[in-house]
Amino acid sequence: MTLDKARETVHRACAELVKAGLVARTWGNISAKVDDSTFVITPSGRRYEELTAADMVLVKISDLSYGGSVKPSSEKGLHAEIYRQYPEVNAIIHTHQMNASTVAAARKDITGMDPRHSAILGSIVRTAEYGLPGTGKLARATAFALKGSKAAMMANHGAVCAGRDMKEAFIVAGTLEDAARSFIEKAFIRMSGSGIKVTEKAMHDYYLKLVAER
Amino acid sequence: MKLDQARAEFISWARTYYNENFISGSEGSISCRIGDTMLITPRRKSPATLTPEDVILIDIPGGSMSSGANPPADMSLHRAVYRKYKETGAIVHTVEPNTMTSSMAGKTVYPLLDDLAQIVGPTTRVARYSEPVDAGIRASVVRGLKKRSAVLLSGGGALCMGANLDEAHAVCQVLMKGCKCFIETEFLGGGIRINPVETRLMRLVYLIKYSKQNVKNR
């Protein structure tokens, strides 16, 4: 992929990601591989709606060096680690999507998925060990958790979704959100007993009952 | 900023908060500070039909009202927070459902997600709350906000604050997600808390560095 094409791909993905409700503001980041040694990524801390394609930062996979005055996302190391370990991956989205983040906060793996989810994600989506944002520990743990799947959750943080191209990475992110929602709802049904229709209100009423009984 | 422009921007933000369910037509309130003046939404008036004349103007030091009618029941709470926290430029009393349920549970919300620690603080405390708002409630809320960007109001939602209405909006969004996570992880065997030292470290790094990147990183 040419540098201009990669920048344009990431720029377009920013708008799509916000529209899809998978990130808000600057929480999350997106990258596309240019060649075996470089990728472009969203800049650190900037609001997606204000960005242009030229703002996307070119980063070297080997040492995370970059040119220009605009700093790349602080999670550049996470993207680089995934590109290093999984040569078939050409696009990565790091989301703070609501349901996958909830599963990640309980540090559970998603298993027992519906076939329409597992066909895309694999039979398991793991939650990586906790690491502080932007650290090598988080990057290594997340890349490890991605083995055998297109997605991994990051403990107490969010998720990372990988694809052969940006289109696939988006499909993975959307599917992960559905799978995570289903995982939470099944757990709620198991805990609360059958017969309760899963709505936000039913969940909140049951939660308040649990709190009151303690 | 001229008052007319401030009122127009304020109404636009009130509609955003309303459309995203952070406030309803009958509950919740929004305010911002322009110099010594506080702009605040009136009681039981839907933001969808709010006009510039409806926006209430209050003198923060003296408490007198110079424009509008029917101040909300929590008006004195907004004023007390502005008087205590000089860097606060906007306050939202949100009644969003996840935040409301957490306020009804009355439990301190610990950050189960990094962004709650960064943007709201290492804990979200629960302050006393009922209407009419008295001096004891104001003191409890002001105390609850110490080194935090939000506080739960017992049984009444939460008060979120920021340097402006955009920042307060970010606080509302992150608190909503944090509360939702706090509630729903109960069905997954419970959320795993982040180490308290690390939550403090993340909050510090966010305040010193990351929160300024949108302007600095160009």
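**Exercise 1. Classify B:Tyr17 as buried or exposed, then describe its ring pairing with B:Trp13**.

Solution. B:Tyr17 has a relative accessibility of 0%, so this residue counts as buried. The model is a predicted one.

Step 1. Treat the partner in the same way. B:Trp13 has a relative accessible area of 21% and is partly exposed. The cut-off for buried is under 20%.

Step 2. Place both residues. Helix α1 of chain B, residues 3–19, contains B:Trp13 and B:Tyr17. They are four residues apart, about one turn of the helix.

Step 3. Set up the geometry. Two numbers describe a pair of aromatic rings: the distance of the centres and the angle of the planes. A search over all chains gives six aromatic pairs. For B:Trp13 and B:Tyr17, the ring centres are 5.8 Å apart and the planes stand at 45°, so the pair is tilted.

Step 4. Look at other ring interactions. A:Phe188, A:Tyr206 and B:Phe187 are linked into a cluster by ring pairs. In chain B, B:Arg193 lies over the face of B:Tyr110, 3.5 Å from the ring centre.

**Exercise 2. Explain why helix α2 of chain A is described as largely enclosed, and identify what its buried residues pack against**.

Solution.

Step 1. Take the burial count. Helix α2 of chain A spans residues 76–85, and eight of its ten residues are buried, so the helix is largely enclosed by the rest of the structure.

Step 2. Name the buried residues. They are A:Lys76, A:Gly77, A:Leu78, A:His79, A:Ala80, A:Glu81, A:Ile82 and A:Tyr83.

Step 3. Find the packing partners. The buried residues of α2(A) pack against the chain A strands β1 (29–35), β2 (38–41), β4 (91–95), β6 (151–154) and β7 (158–163), and against helix α5 (136–145).

Step 4. Check from the side of α5. In α5(A), the buried residues are A:Leu138, A:Ala139, A:Ala141, A:Thr142, A:Ala143 and A:Ala145. These pack against α2, β5 (127–128), β6 and β7 of chain A.

Step 5. Follow one residue. A:Glu81 belongs to helix α2 of chain A and counts as buried at 14% relative accessibility. Beyond neighbours within four places in sequence, its contacts are A:Ala139, A:Arg140 and A:Ala143.

**Exercise 3. Describe the largest cavity by its volume and its lining**.

Solution.

Step 1. Count and size. The structure holds one cavity of 30 Å³ or more. The largest cavity contains about 40 Å³ of space.

Step 2. List the lining. The residues are A:Ile110, A:Thr111, A:Gly112, A:Met113, A:Asp114, A:His117, A:Ala179, A:Ser182, A:Phe183 and A:Lys186.

Step 3. Sort the lining by class. Four residues are nonpolar, four are polar and two are charged.

Step 4. Assign the main contributor. Helix α6 of chain A, residues 166–192, supplies the largest share of the lining, four residues.

**Exercise 4. Determine which residues B:Asp114 and B:Thr124 contact, and state the burial of each**.

Solution.

Step 1. Start with B:Asp114. This residue is in helix α4 of chain B, residues 114–119, and is buried at a relative accessible area of 1%.

Step 2. Leave aside neighbours within four places in sequence. B:Asp114 then contacts A:Tyr130, A:Pro133, A:Asn156, A:His157, B:Ile194 and B:Met202. B:Asp114 and B:Ile194 are 80 residues apart along the chain, and their C-alpha atoms are separated by 7.9 Å.

Step 3. Turn to B:Thr124. The residue sits in the loop between α4 and β6 (126–127) of chain B and is buried, with a relative accessible area of 0%.

Step 4. Not counting residues up to four places away, B:Thr124 touches B:Thr108, B:Val109, B:Leu116, B:Ala150, B:Val151, B:Leu152 and B:Leu175.

**Exercise 5. Locate B:Asn70, B:Lys147 and B:Pro132, and describe their backbone geometry**.

Solution.

Step 1. State the background. Most residues other than glycine have a negative phi, and most peptide bonds are trans.

Step 2. Examine B:Asn70. Its phi is positive, about 55°, although the residue is not a glycine. B:Asn70 lies in the loop between β4 (65–67) and α2 (75–84) of chain B and is exposed at 52% relative accessible area.

Step 3. Examine B:Lys147. Phi is near 60°, again positive in a residue other than glycine. B:Lys147 is in the loop between α5 and β7 (150–153) of chain B and counts as exposed at 67% relative accessibility.

Step 4. Examine the peptide bond. From B:Glu131 to B:Pro132 the bond is cis, with omega near 0°. B:Pro132 is in the loop between β6 and α5 (135–144) of chain B.

Terms used
Residues numbered from 1 in each chain as written. Chains lettered and ligands numbered in written order. Predicted model: local features only at pLDDT ≥ 70, side-chain atom pairs only at ≥ 80, totals over all residues. Heavy atoms only, no water. Buried < 20%, exposed > 50% of the residue type's maximum accessible area, 1.4 Å probe, protein only. Helix = DSSP H or I, 4+ residues; strand = E, 2+ residues; numbered from the N terminus. Contact = heavy atoms within 4.5 Å. 1 Å grid on protein atoms, 1.4 Å probe; cavity = no way out; pocket = protein on both sides within 12 Å on 5 of 7 lines; lining within 4 Å. Points joined across faces, edges and corners; volume = space filled by probe spheres on them. Nonpolar A, V, L, I, M, F, W, Y, C, P; charged D, E, K, R; others polar. Phe/Tyr/Trp six-rings, centres within 6.5 Å; stacked < 30°, edge-to-face > 60°. Lys NZ or Arg CZ within 6 Å of the ring centre and 35° of its normal.
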